[in-house]
Amino acid sequence: MKNELYENIQKIDTVRAILVGLNTDKSDDEFERSMDELKELTKAIDIEVASVVTQSLNSPDNSTYIGSGKVQEIAAALDILDVSIIIFNDSLSPMQVRNLEKILDTEVIDRTGLILQIFAKRAKTREARLQVESAQLQYMLPRLVGMGKTLSRQGGGSGRLSNKGSGEKQLELDRRRIEHRMSELRRELENVERERNTQRNRRLNSPIGRVSLVGYTNAGKSTIMNNLLRLYGGESDTDKTVLEKDMLFATLDTSVRKIEAPGHRPFLLTDTVGFISELPHALVKAFKSTLEEAKYADVLLQVIDFSDPEYRYHMEITGKTLSEIGAGDIPVIYVFNKSDIVRQQQEEENMLVMDIPRAKDDRIYICAKDDDSLEELVSLIEKKLGEKETECELLFPYSEGGTISMLTERGVVKSTEYLPEGIKVAATLSQADMSKYAEYLT
């Protein structure tokens, strides 16, 4: 009998959700913007939005958040819309989740839980996975009651869990397991943070400029990094690109790459996790070491999706987040990405058409995939890095060839002239470098 190969294809049904929002004190525009963002977050985890339900109250209902009448309205629509999950746009208390799941007999999660699931799906590196798991457990711990019927059964047990006896509830066992795992994660994250600090200190001790990409999620930070690598990285850097995708939180992991554009000084470019309004506190705490990468930059590139009507609001959120992590005083270049989309709209509406790229002061309007835009951006980065530097002339003895080579590699040397008494160098130096090489200044 011949061997036959059968392919078993399992059909995976699309998960459908009802989105629920409660407006207590927001303007109509703010509330609509928040609900639109919830839709994008839902799509980012491959959940289909079946319906959107909104409610306006002076304050949230303590029991069901949106009131019993609106809950019954949702319950009546569940079977009709074939929905298996309800997603709320705000944080719910454990009691509210328990009451809602009891009435609706289906899964209920809030905005924080949704973002945590997205982060869990996107995390690739060991550090990101540890950070996400820590945030998930912090979120889960106060919500243990009511998370399943099995949590209320009596349980025995012994050993490391230090069980008090057969009369102890399973809830207490699960709580202790979570607390034990959280302690393990804290220790592991402390070790990872020490490794990160070692790598960071090595970069801080390097004379090469440090530039960080920051901004609202899905503004195009990873696209800028990848295209700079494409343009200035060469074949050896094709495997150093980062994931870029038109979705919220496509990348979580911090990446550092060296950019060496011909005719310009090299710099280290860091791609960081994107920001979003109402980013869960547990995630901010867990990703503290990752977010703090921006704190150690010489220049921040705040990437803005210029084609998004809410770009000013996104800039405001980014500014607040940077201040919270202690990076509010670092020089910023505002990079208005996707300006080509705006230009196309201007052409279609017979308006005055903007030039791309266009740089003015600390702002630049670009298309991240356009080579001319990237060249202009690199020039502006170099100008910003050199703002606190002074043009000067130095005369080095021929024995200091290594120092001249190092300065040349950094891209600060403008010219060299070989004289009988030594090597005359014209360079732009920081105050620290001028103090360091004071004896050679002419």
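User: What share of the contacts in the protein with a separation of 6 or more comes from residues 24 or more positions apart?
Analyst: That's 68%, where contact means heavy atoms within 4.5 Å. Keep in mind this is a predicted model, so local features need pLDDT of at least 70, side-chain atom pairs count only at pLDDT 80 or more, and totals for chains, interfaces and linings use all residues. Residues are numbered from 1 along each chain as its sequence is written, and side-chain values use heavy atoms, with hydrogens and water left out.

User: OK, how many helices and strands are there?
Analyst: The protein has 14 of each, helices and strands. These are DSSP runs numbered from the N terminus: H or I with at least four residues for helices, E with at least two for strands.

User: And how much of the protein is buried?
Analyst: 48% of the 442 residues. Buried is under 20% relative accessible area, exposed is over 50%, and partly exposed is in between (1.4 Å probe, protein chains only).

User: Switching to packing: at what angle do α2 and α3 meet?
Analyst: About 45°, with the axes of α2 (residues 68–81) and α3 (residues 94–104) 10 Å apart. Axes are lines fitted to C-alpha atoms, for helices over the stretch in contact, and angles run from 0 to 180 degrees between N-to-C directions.

User: Which residues make that contact?
Analyst: From α2, Val 71, Gln 72, Ile 74, Ala 75 and Leu 78; from α3, Leu 100, Ile 103 and Leu 104.

User: What's odd about the backbone at Tyr 65?
Analyst: Its phi is positive, near 75°, and Tyr 65 isn't a glycine. Most residues other than glycine have a negative phi, and most peptide bonds are trans. Tyr 65 sits in the loop between β2 (48–56) and α2, and at 8% relative accessibility it counts as buried.

User: Asp 105 has a positive phi too; is that residue buried or exposed?
Analyst: Exposed, because its relative accessible area is 71%. Asp 105 has phi near 55° and lies in the loop between α3 and β4 (107–109).

User: Where's the cis peptide bond?
Analyst: Between Ile 356 and Pro 357, with omega about 0°. Pro 357 is in the loop between α11 (339–348) and β10 (358–360).

User: Last one: how many disulfides turn up in the whole structure?
Analyst: Zero, taking a disulfide as a pair of cysteine sulfur atoms within 2.5 Å. As for cysteines, Cys 367 is buried at 16% relative accessibility, and Cys 392 is buried at 12%.
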